[in-house]
Amino acid sequence: MNHLLGIEGMQRSEIEAVLNLADDYAGKVRSGEKIEAVLDGFTMINLFFENSTRTRTSFELAGKRLGAAVTNMSVVSSSIKKGETLTDTALTLRAMHTDILVVRHQCSGAVKLLSEKVGCSVVNAGDGSHEHPTQAFLDALTIQRRKGKLQGLEVAICGDIMHSRVARSNIHLLQTMGARVRLVAPPTLMPPDIEKFGPQIYHDMKQGLKDCDIVMMLRLQTERMQGNYVPSVREYYHFYGLTREKLANAKQDALIMHPGPMNRGVEIDSELADDIHRSLIQEQVEMGVAVRMASLALIGKAIKARKAIKLQDKD
Ligand code: CP
């Protein structure tokens, strides 16, 4: 991997390579086993144009655990506020001999554009409503570790599909790995033509959750909404908020997920979100670090291979 920009187009074997390495790292972190500093001598910069708690912190921890020098660039106090463009900012950071740029941006496609302009590896930490590849990896790893497989599972992704990069990355990854994906949302929050990517479409929670193995809830992304997509939050919760009553339609051992941040009492009942027998939400956060370690380690390997080829060419 030179860059990690999205899940769409990735082969099953490539996804498995990330998940297997991440599973290994998850075990090592849990047991306190020593982790090889495969990114020793590498420099990595987190460049986040949107707010983040989980993704930014876990990329920072992942980079440091692998021995990289990691810097978080503060966008609000940067020269972007003086009018510097995204590309000029990235080129400036690259000139400081940065090896890996981890970028979150509000515009779909912005991270790919950067990867074509800067001469270093770029990782997509979420671009608009397009993709959030490491979120899909961490979701898949969490499911795989608890259910022992992805193949054949029924996964219901529910809520604001329209604005969700998490949903898009998960649709591609889960289906490539043999799971069946259902999308459940009010018509106003269901993107047109989304069924062409393969998922089944539902507008009713009872039908959409029937006999599923995993229920993945999504946040209402009001920051991306122009106008009203739901009549009221109270009505939305009534029809689409996950409660024990609605969950009873899923399999008895169905598990609940949420990428966070969570709006308790809007898309999910607060007590249900904290139920350690049903909710995987904290485990998703834990797997986030392991998945980002695996992604960075594989990118580091590709950078080392490129450098070795360049040296050979010089000789
Ligand atoms: N799931 C996720 O991307 O969370 P953050 O916005 O906190 O990074």
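These exercises work through a predicted model, each with a stepwise solution.

**Exercise 1. Cysteines**

Task: Find how many disulfides the model holds, and explain the result for Cys107 and Cys158.

Solution.
- Step 1. Set the cut-off: a disulfide needs two cysteine sulfur atoms within 2.5 Å.
- Step 2. Take Cys107. The closest cysteine sulfur belongs to Cys120, and it lies 19 Å away. That is too far for a bond.
- Step 3. Take Cys158. Here the closest cysteine sulfur sits in Cys212, at 7.0 Å. This pair is also too far apart for a bond.
- Step 4. Check the surroundings. Cys107 is partly exposed, at 38% relative accessible area, whereas Cys158 is buried, at 1%.
- Step 5. Read the count: 0 disulfides.

**Exercise 2. The five-stranded sheet**

Task: Give the strand order of the open sheet that contains β5, and state which strands lie at the edges.

Solution.
- Step 1. Recall the principle: strands of a sheet pair through backbone hydrogen bonds, either parallel or antiparallel.
- Step 2. Write the order. The 5 strands run β7-β6-β5-β8-β9, with parallel pairing.
- Step 3. Mark the edges. β7 (200-202) and β9 (255-257) each pair on one side only.
- Step 4. Add the twist, which averages 20° from one strand to the next.
- Step 5. Inspect one pair. β5 (residues 154-158) joins β6 (residues 180-184) in the parallel sense through 5 bridges. Within this pair, Val155 faces Val181 of β6.

**Exercise 3. Strand β1 and its partners**

Task: Describe how β1 pairs with β2 and with β3, and determine the hand of the crossover from β1 to β2.

Solution.
- Step 1. Start with β1 itself, residues 43-48. Of its 6 residues, 5 are buried, and the strand is mostly covered.
- Step 2. Turn to β2 (residues 69-73). It pairs with β1 in the parallel sense over 5 bridges. Leu47 has Met73 of β2 as its bridge partner.
- Step 3. Trace the connection. The chain leaves β1, passes through helix α2 (residues 54-65) and arrives at β2. This β-α-β crossover is right-handed.
- Step 4. Turn to β3 (residues 100-105). Its pairing with β1 is parallel too, over 5 bridges. Phe48 stands opposite Arg104 of β3.

**Exercise 4. The nonpolar cores**

Task: Locate the best-connected members of the largest nonpolar core, then name some residues of the second core.

Solution.
- Step 1. Size the largest core: 87 residues.
- Step 2. Pick the members that touch the most others. They are Phe137, Ile157, Leu209, Val215, Leu242 and Leu296.
- Step 3. Ask which helix contributes most. Helix α11 (residues 281-314) does, giving 11 residues.
- Step 4. Look around Val215. Beyond its neighbours within four places in sequence, its contacts include Ala156, Cys158, Leu209, Leu242 and Ile256.
- Step 5. Move to the second core. It is separate and has 17 residues, among them Leu47, Phe49, Ala110 and Cys120.

**Exercise 5. The setting of Met205**

Task: Place Met205 in the fold, and state whether it is buried or exposed.

Solution.
- Step 1. Find its element: Met205 is in helix α7 (residues 205-209).
- Step 2. Assess exposure. Met205 has a relative accessible area of 2%, so it is buried.
- Step 3. List contacts, leaving out neighbours within four places in sequence. Met205 touches Cys158, Val184, Met217, Phe239, Tyr240, Gly241, Leu242 and Lys246.
- Step 4. Compare with a position elsewhere in the chain. Asp23 is 182 residues away in sequence, and the two C-alpha atoms are 32 Å apart.

**Exercise 6. Unusual backbone geometry**

Task: Locate a cis peptide bond and two non-glycine residues with positive phi.

Solution.
- Step 1. Set the expectation: most residues other than glycine have a negative phi, and most peptide bonds are trans.
- Step 2. Find the cis bond. It joins Gly260 and Pro261, with omega about -5°. Pro261 is in the loop between β9 and α10 (270-273).
- Step 3. Take Asp193. Its phi is positive, about 70°. Asp193 lies in the loop between β6 and β7 and is partly exposed, at 48%.
- Step 4. Take Asp211. Its phi is near 60°, again positive. Asp211 belongs to the loop between α7 and β8 (214-217) and is partly exposed, at 41%.

Note on methods. Residues are numbered from 1 along each chain as its sequence is written. This is a predicted model: local features need pLDDT of at least 70, side-chain atom pairs count only at pLDDT 80 or more; totals for chains, interfaces and linings use all residues. Side-chain values use heavy atoms; hydrogens and water are left out. Buried means under 20% relative accessible area, exposed over 50%, partly exposed in between (1.4 Å probe, protein chains only). Two strands pair if DSSP finds at least two bridges between them. Helices (H or I, at least four residues) and strands (E, at least two) are DSSP runs, numbered from the N terminus. Axes are lines fitted to C-alpha atoms, for helices over the stretch in contact, and angles run from 0 to 180 degrees between N-to-C directions. A crossover is right-handed if, with the strands pointing away from the viewer, the path from the first strand over the helix to the second runs clockwise. Contact means heavy atoms within 4.5 Å. A nonpolar core is a set of buried Ala, Val, Leu, Ile, Met, Phe, Trp, Tyr and Cys residues joined through side-chain atoms within 4.5 Å.
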